[in-house]
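Here are my notes on the model, as numbered points. Have the structure open while you read.

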Amino acid sequence: MPQDILSLFLSYLFLVNGAALLLTCYDKRAAKRGGWRIPESTLFTIGGFGGAAGMLAAMLLVHHKTRHKKFMVGLPAILTLQLLAAGLAFFL
């Protein structure tokens, strides 16, 4: 049973981080082309739901939102809290 939960959790993290990465890359492309943009609140929401690592990686990879202090401080802070929560859950 615990192995099933771990597999499900890891699958969730894979999907949400993939979505965060794709959304960040899409937003960068839209910014360059003057298209429809993804609201910052949506980006932070998906980061808060477990996609902070994927979004941070995408930001650094495509140089998107790297001049925005709230993203360059906020996402690492969210990721740190998520890692602390995961570590706490693992050891309890």
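**Notes on the predicted model**

1. Tyrosine 26 comes out as partly exposed, because its relative accessibility is 40%, which sits between the 20% and 50% cut-offs. Keep in mind throughout that this is a predicted model.

2. What is the ring of tyrosine 26 paired with? Its partner is tryptophan 36: the ring centres are 6.5 Å apart and the planes meet at 50°, so the pair is tilted. Tyrosine 26 belongs to helix 1, while tryptophan 36 is in the loop between helix 1 and helix 2, so have a look at how the pair links distant parts of the chain, 10 residues apart. Tryptophan 36 has 59% relative accessibility and therefore counts as exposed, the cut-off being over 50%.

3. Aromatic pairs come to three in total. Another of them joins phenylalanine 90 and phenylalanine 91, and this one is edge-to-face, with 5.2 Å from centre to centre and 80° between the planes. Both of these phenylalanines, 90 and 91, are exposed.

4. Now for the inside. Nonpolar side chains tend to be buried together in soluble globular proteins. Here the largest nonpolar core has 11 residues: Val16, Ala20, Ile38, Leu43, Ile46, Ala52, Met55, Leu56, Met59, Phe71 and Leu75. Helix 1 (2–33), helix 2 and helix 3 are the elements that each put in two or more residues. Which helix gives the most? That would be helix 2, with six residues.

5. Alanine 52 is one of those core residues, and its contacts are handy to click through. Setting aside neighbours within four places in sequence, alanine 52 touches Asn17, Gly47, Leu75, Ile78, Leu79 and Gln82. Leu75 is in the core list too.

6. Next, some backbone angles. Most residues other than glycine have a negative phi. Histidine 63 goes the other way, with a positive phi near 55°. You'll find histidine 63 in the loop between helix 2 (40–62) and helix 3 (69–91).

7. That loop between helix 2 and helix 3 also holds lysine 65. Lysine 65 is not a glycine either, yet its phi is positive, at about 65°.

8. Are histidine 63 and lysine 65 buried or exposed? Histidine 63 has 57% relative accessibility, so it counts as exposed. Lysine 65 is buried, because its relative accessible area is 9%, and buried means under 20%.

Notes:
Residues numbered from 1 in each chain as written. Predicted model: local features only at pLDDT ≥ 70, side-chain atom pairs only at ≥ 80, totals over all residues. Heavy atoms only, no water. Helix = DSSP H or I, 4+ residues; strand = E, 2+ residues; numbered from the N terminus. Buried < 20%, exposed > 50% of the residue type's maximum accessible area, 1.4 Å probe, protein only. Core = buried A, V, L, I, M, F, W, Y, C linked by side-chain atoms within 4.5 Å. Contact = heavy atoms within 4.5 Å. Phe/Tyr/Trp six-rings, centres within 6.5 Å; stacked < 30°, edge-to-face > 60°.
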